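Me: I am new to this one. Could you walk me through it with some short answers?

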Amino acid sequence: MNDTGSIVLFTILAFSLALVLIMKKDSIPPQLRRMLALVAIVLVSCSFFLIAFSLLYAGD
């Protein structure tokens, strides 16, 4: 796995989306907020998996 730049960018964007949703939760409509929160949870979970996977195979 040689795409560390892509993994870092994906992780930054996933956490940025989650942070924006937390900071602007009062101005987002409830239906849209629920959908965006689920998307953010999936993206952050994927970024944790990618970080763990890249650390696991860092020695190869």
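Reply: What follows is a set of questions and answers on a predicted model.

Me: How many residues does helix 1 have, and what span does helix 1 reach from its first C-alpha to its last?

Reply: Helix 1 covers residues 4-23, which gives 20 residues. At 1.5 Å a residue, a span of 28 Å is expected. The model comes close to that, with 20 residues reaching 28 Å.

Me: Which residues of helix 1 are buried?

Reply: Buried means under 20% relative accessible area. Ala14, which lies in helix 1, has 2%, so Ala14 counts as buried. The full list in helix 1 is Ile7, Thr11, Ala14, Ala18 and Leu21.

Me: Within what arc do the buried residues of helix 1 fall, seen down its axis?

Reply: Helix 1 has buried residues that include Ile7 and Leu21. Seen down the axis, the buried residues line one face of the helix, because they fall within an arc of 100°.

Me: Which exposed residues does the face turned away from the buried side of helix 1 carry?

Reply: Exposed means over 50% relative accessible area. On helix 1, the face turned away from the buried side carries such residues. They are Leu9, Leu13 and Met23.

Me: How far apart in space are Ala14 and Cys46, C-alpha to C-alpha?

Reply: Ala14 belongs to helix 1. Along the sequence, Ala14 and Cys46 are 32 residues apart. In space, their C-alpha atoms are 8.9 Å apart.

Me: How far apart in space are Arg33 and Leu9, C-alpha to C-alpha?

Reply: Arg33 is in helix 2, while Leu9 is one of the exposed residues of helix 1. The two are 24 residues apart in sequence. From C-alpha to C-alpha, the distance is 24 Å.

Me: Is Leu32 buried, partly exposed or exposed?

Reply: Leu32 sits in helix 2. Partly exposed covers the range between the buried limit of 20% and the exposed limit of 50%. Leu32 has a relative accessible area of 38%, so Leu32 is partly exposed.

Me: Which residues make up the aromatic cluster?

Reply: The structure holds three aromatic pairs. One of them joins Phe49 and Phe53. The cluster consists of Phe49, Phe53 and Tyr57.

Me: What kind of aromatic pair do Phe49 and Phe53 form?

Reply: Phe49 and Phe53 are four residues apart in helix 2, so about one helical turn separates them. Their ring centres are 6.0 Å apart, with 25° between the planes. Planes under 30 degrees apart count as stacked. The pair is therefore stacked.

Me: Which of these words fits Phe49, buried or exposed?

Reply: The cut-off for exposed is over 50%. Phe49 has a relative accessible area of 55%. Phe53, at 32%, counts as partly exposed. With its 55%, Phe49 is exposed.

Me: How much accessible area do Phe49, Phe53, Leu56 and Tyr57 have together?

Reply: Phe53 is in helix 2, which spans residues 30-56. Together with Phe49, Leu56 and Tyr57, Phe53 forms a nonpolar patch on the surface. The accessible area of the four together is about 440 Å².

How values were computed:
Residues numbered from 1 in each chain as written. Predicted model: local features only at pLDDT ≥ 70, side-chain atom pairs only at ≥ 80, totals over all residues. Heavy atoms only, no water. Patch = residues over 30% accessible without salt bridge, like charges linked within 9 Å, V, L, I, M, F, W, Y side chains within 5 Å. Areas by Shrake-Rupley, 256 points an atom, 1.4 Å probe, with all protein chains shown as cover. Salt bridge = Lys/Arg side-chain N within 4 Å of Asp/Glu carboxyl O. Helix = DSSP H or I, 4+ residues; strand = E, 2+ residues; numbered from the N terminus. Buried < 20%, exposed > 50% of the residue type's maximum accessible area, 1.4 Å probe, protein only. Phe/Tyr/Trp six-rings, centres within 6.5 Å; stacked < 30°, edge-to-face > 60°. Expected span 1.5 Å × (residues − 1). Arc of directions from axis to C-beta.
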